[in-house]
Amino acid sequence: MKAARIVKVNEPLEVEQLETSRPKGSQVLVKVQSSGVCHSDIHLWEGGYQGLEGQFLKTTDRGVRYPVTPGHEIAGVIDTLGEQAEGFSKNEKVLVFPWIGEGLCRIGEENLCDKPRSLGIYNDGGYAEYVLVPSYKYLIKLGDDIDTDTSAPRSCSALTAYGAVKNSSLGPNDNVVIVGAGGL
Ligand SMILES: [Zn+2]
């Protein structure tokens, strides 16, 4: 399969020919139809970002390894299921939840895991023809009438906006000011 990868930070992505993974166990191979481009992809490409005190926080200090295939807003169709993957069938349209950790979280907050495996950051992501998803439980079914282009950003932009509203603990009839709505 072809994948557009960050081989060296701050240099153009390289389209590489990689072996297409064969899913095992509960893994699922998804054929990518849409992959969103997020501002975080630029941080990944630049090798880090500026912290609150102006210091440069390097991605490699946080466990990122290059080359890596970016893209964490992924939607596509099921290609192949591992022998223990269930509940999905070939060609079914899905959105991928990329904020994954070890897969053992008891409180359902895998996005906060100490051992992150986020797709498109720590593991290869959606700037490719196929993406290997570590478990079927990270897939969300999309109806046939929902297109993958508009669905892909839901796994990052939409979750960010949702998280902001949820964490603000707003109640009915509260007034709010939304600053910097931007793409979110
Ligand atoms: Zn993002």
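# Exercises on a zinc-bound predicted model

Cysteine 38 is buried, at a relative accessible area of 15%. The model used throughout is predicted.

**Exercise 1.** Find the residues that coordinate the zinc ion, and place its cysteines along the chain.

*Solution.*
- Step 1. Look for the donor atoms. The zinc ion is held by SG of Cys38, NE2 of His72 and SG of Cys156. The distances run from 2.0 to 2.2 Å.
- Step 2. Read the spacing along the chain. The donors follow C-x33-H-x83-C.
- Step 3. Locate the two cysteines. Cysteine 38 is in the loop between β3 (28–35) and α1 (39–46). Cysteine 156 is in the loop between α2 (148–151) and α3 (157–167). The pair links distant parts of the chain, 118 residues apart.
- Step 4. Check burial. The cut-off is under 20% relative accessible area. Cysteine 156 has 9%, so cysteine 156 is buried.

**Exercise 2.** Describe the largest nonpolar core and the strands that supply it.

*Solution.*
- Step 1. Take the size. The largest nonpolar core has 15 residues.
- Step 2. Pick out the residues with the most contacts inside this core. They are Val30, Val96, Val133 and Leu139.
- Step 3. Turn to the strands. At least two residues each come from β3, β6 (74–81), β7 (93–96) and β8 (130–133). β3 gives the most, with three residues.
- Step 4. Look for another core. One of eight residues lies apart, and Ile6, Cys38, Leu44 and Trp99 are among them.
- Step 5. Follow one residue, valine 133. Beyond four places in sequence, valine 133 is in contact with Gln27, Val28, Val30, Val96, Leu119, Tyr138 and Leu139.

**Exercise 3.** Trace what lysine 141 does with glutamate 92 and with phenylalanine 88.

*Solution.*
- Step 1. Place glutamate 92. This residue is in the loop between β6 and β7.
- Step 2. Pair the side chains. Glutamate 92 and lysine 141 are joined by a polar contact of 2.8 Å.
- Step 3. List the other neighbours. Beyond four places in sequence, glutamate 92 also touches Gly76, Val77, Ile78 and Gly87.
- Step 4. Move to the ring. The charged end of lysine 141 sits over the ring of phenylalanine 88, 4.6 Å from its centre.

**Exercise 4.** Is alanine 128 buried or exposed, and which residues are in contact with alanine 128?

*Solution.*
- Step 1. Find the place. Alanine 128 lies in the loop between β7 and β8.
- Step 2. Apply the cut-off. Its relative accessibility is 13%, so alanine 128 counts as buried.
- Step 3. List the contacts beyond four places in sequence. They are Met1, Lys2, Ala3, Val32 and Thr69.

Terms used:
Residues numbered from 1 in each chain as written. Predicted model: local features only at pLDDT ≥ 70, side-chain atom pairs only at ≥ 80, totals over all residues. Heavy atoms only, no water. Donors = N, O, S within 2.8 Å, 3.2 Å for Na, K, Ca; no water. Helix = DSSP H or I, 4+ residues; strand = E, 2+ residues; numbered from the N terminus. Buried < 20%, exposed > 50% of the residue type's maximum accessible area, 1.4 Å probe, protein only. Lys NZ or Arg CZ within 6 Å of the ring centre and 35° of its normal. Core = buried A, V, L, I, M, F, W, Y, C linked by side-chain atoms within 4.5 Å. Contact = heavy atoms within 4.5 Å. Polar contact = N/O pair within 3.5 Å; in protein donor to acceptor, adjacent residues only side chain to side chain.
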